[in-house]
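These are my notebook entries on one protein chain. I set down what I looked up, entry by entry.

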Amino acid sequence: MSVSNSQRLQVAGVVAFYMASALIMVFVNKAVLNSTPDLPLLFLLLQLLIAVLLLHASAIFHDKIVIPKLDLGIAKKLIPVVSVNIIGLVFNTLCLRDVEASFFQIARGLVLPLTIAVSSIYSSSTPSRMVLMAAGVVTLGFMLGVAPSSSLPVTAIPSTLSLFYGVLSSLFIAFHAVLIKNSLPHCNNSTIELAWWTNAGSVIMVLPFVLLRGEPLKLYNLARSDDWNGTVFLWGSMVTGIFGFLLCVAGLLSIKVTSPVTHMFSSAARSVLQTALGVWIFGDILTTNRAASIAVILGGTM
């Protein structure tokens, strides 16, 4: 099937918008998690709630945006994609909290190889030799990045647990990307409807864990403290909620108009800019190993 130039431009626009939104999300998320490390799930819950509210507000002002009706049958069919989404988001948030912003892309460096593996298993297909080579190069880049380095101070060395969070985040993001294609038909092939089900369902699933961890009480105690500046948490929640909503829609559109693997290829290409900004904004340390890792991951992606 031939693809017109206008369709190519639309795809490029969706991918570029996704990459820009993801970049903003990472750095604002990191700023909030640095200021309030004990409220990761409450922070995530607020982002999801803002995304749901924005979807409802968009439906009021635009008649082409339709909020789906509550349907138990559809909800049951979407449980896998919603569950995988929220688990991936939780591990993603925990990983970002515990590693430097410049190292985050390395910690999640297995997203592309795992997406290729999950997609191949799910579709019972064999990737081409070039795709396997690309996955191998990206995996090599990940191994270079996580290898111990004597030039790093103790405070900058990522813990084994944070790397574990990164691998699990990559795995569940891969599952989510693959499940999206099969979930869209249950939502009339509408990315907006799937975005609503995903965000609303994730709110319901993460809320009990927020309460069990006592994070609302922790927020109350912080608010009463004179040492805590809640401005970063408040504005960060609003900004990431807005961009999280845009990122959700853009990500679903990207997968809809391309494929899970192509989506991961494009999203991995922002790693160099993300690393440079991490060094500039947060003063992260860029070692030879990490620079080589980013270069290899980017080379494999390209």
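**Entry 1: the whole chain**

I began with burial: of the 302 residues in the protein chain, 47% are buried (under 20% relative accessible area; exposed is over 50% and partly exposed lies in between, with a 1.4 Å probe and protein chains only). I note that this is a predicted model, in which local features need pLDDT of at least 70 and side-chain atom pairs count only at pLDDT 80 or more, while totals for chains, interfaces and linings use all residues. Residues are numbered from 1 along each chain as its sequence is written, and side-chain values use heavy atoms, with hydrogens and water left out.

I then looked up the secondary structure and found 14 helices and zero strands. Helices (H or I, at least four residues) and strands (E, at least two) are DSSP runs, numbered from the N terminus. I also looked up contacts, meaning heavy atoms within 4.5 Å. Of those with a separation of 6 or more, 88% join residues 24 or more positions apart.

**Entry 2: the record**

I consulted UniProt, where an unreviewed entry lists under "transmembrane region" the residues 12-33, 39-62, 74-91, 103-123, 130-150, 162-180, 192-212 and 232-255. Positions are given in the numbering used here, feature names are shortened, and annotations may be inferred rather than shown by experiment. I checked two of these spans against the model. Residues 39-62 are 92% helix and 0% strand, with end C-alpha atoms 34 Å apart. Residues 103-123 are 86% helix and 0% strand, and their end C-alpha atoms lie 32 Å apart.

**Entry 3: helix H2**

I compared the length of H2 with its expected span (1.5 Å times one less than its number of residues). For 22 residues the expected value is 32 Å, and the end C-alpha atoms are 32 Å apart, which agrees. I listed its buried residues, including Pro40, Leu41, Phe43, Gln47, Ala51, Val52 and Leu55. Leu49 also lies in H2, but I find Leu49 partly exposed, at a relative accessible area of 36%. Its C-alpha atom is separated by 6.7 Å from that of Val203, 154 residues apart along the chain.

**Entry 4: the nonpolar cores**

I looked for nonpolar cores, that is, sets of buried Ala, Val, Leu, Ile, Met, Phe, Trp, Tyr and Cys residues joined through side-chain atoms within 4.5 Å. The largest has 53 residues, and Leu55, Leu78, Val81, Leu194 and Trp196 have the most contacts inside it. Helices giving two or more residues to this core are H1 (5-35), H2 (40-61), H4 (79-98), H5 (101-107), H8 (160-183), H9 (191-212) and H11 (230-257). Apart from it lies another core, of five residues, among them Leu112, Ala135, Val138 and Ile297.

Which residues does Trp196 contact, leaving aside its neighbours within four places in sequence? I found Val52, Leu55, His56, Ile67, Pro68, Leu70 and Gly201.

**Entry 5: helices H5 and H6**

I located Phe104 in H5 and found Phe104 buried, with a relative accessible area of 2%. Phe104 and Ser162 are 58 residues apart in sequence and 9.8 Å apart in space, C-alpha to C-alpha.

H6 (residues 111-123) has 13 residues, for which 18 Å is expected; the end C-alpha atoms are 18 Å apart, in agreement. Its buried residues are Val111, Leu112, Pro113, Thr115, Ile116, Val118, Ser119 and Ser120. Thr115 is at 0% relative accessibility, and its C-alpha atom is 9.2 Å from that of His176, 61 residues apart along the chain. Just after H6, I noted a positive phi of about 55° at Ser124.

**Entry 6: the H7 and H14 pair**

I looked up how H7 (residues 129-146) packs with H14 (residues 288-301): the angle is about 170° and the axes are 8 Å apart. Axes are lines fitted to C-alpha atoms, for helices over the stretch in contact, and angles run from 0 to 180 degrees between N-to-C directions. The two helices are therefore roughly antiparallel (over 145 degrees). The residues that meet include Ala134, Val138 and Phe142 in H7, and Asn289, Val296 and Ile297 in H14.

**Entry 7: the loop between H8 and H9**

Asn188 lies in this loop, as does Asn189. Asn188 has a positive phi of about 60° although it is not a glycine, and phi of Asn189 is likewise positive, near 60°. Are these residues buried or exposed? I recorded Asn188 as exposed, at 61% relative accessibility, and Asn189 as partly exposed, with a relative accessible area of 42%.

Terms used:
Parallel < 35°, antiparallel > 145°, perpendicular 65-115°, else oblique.
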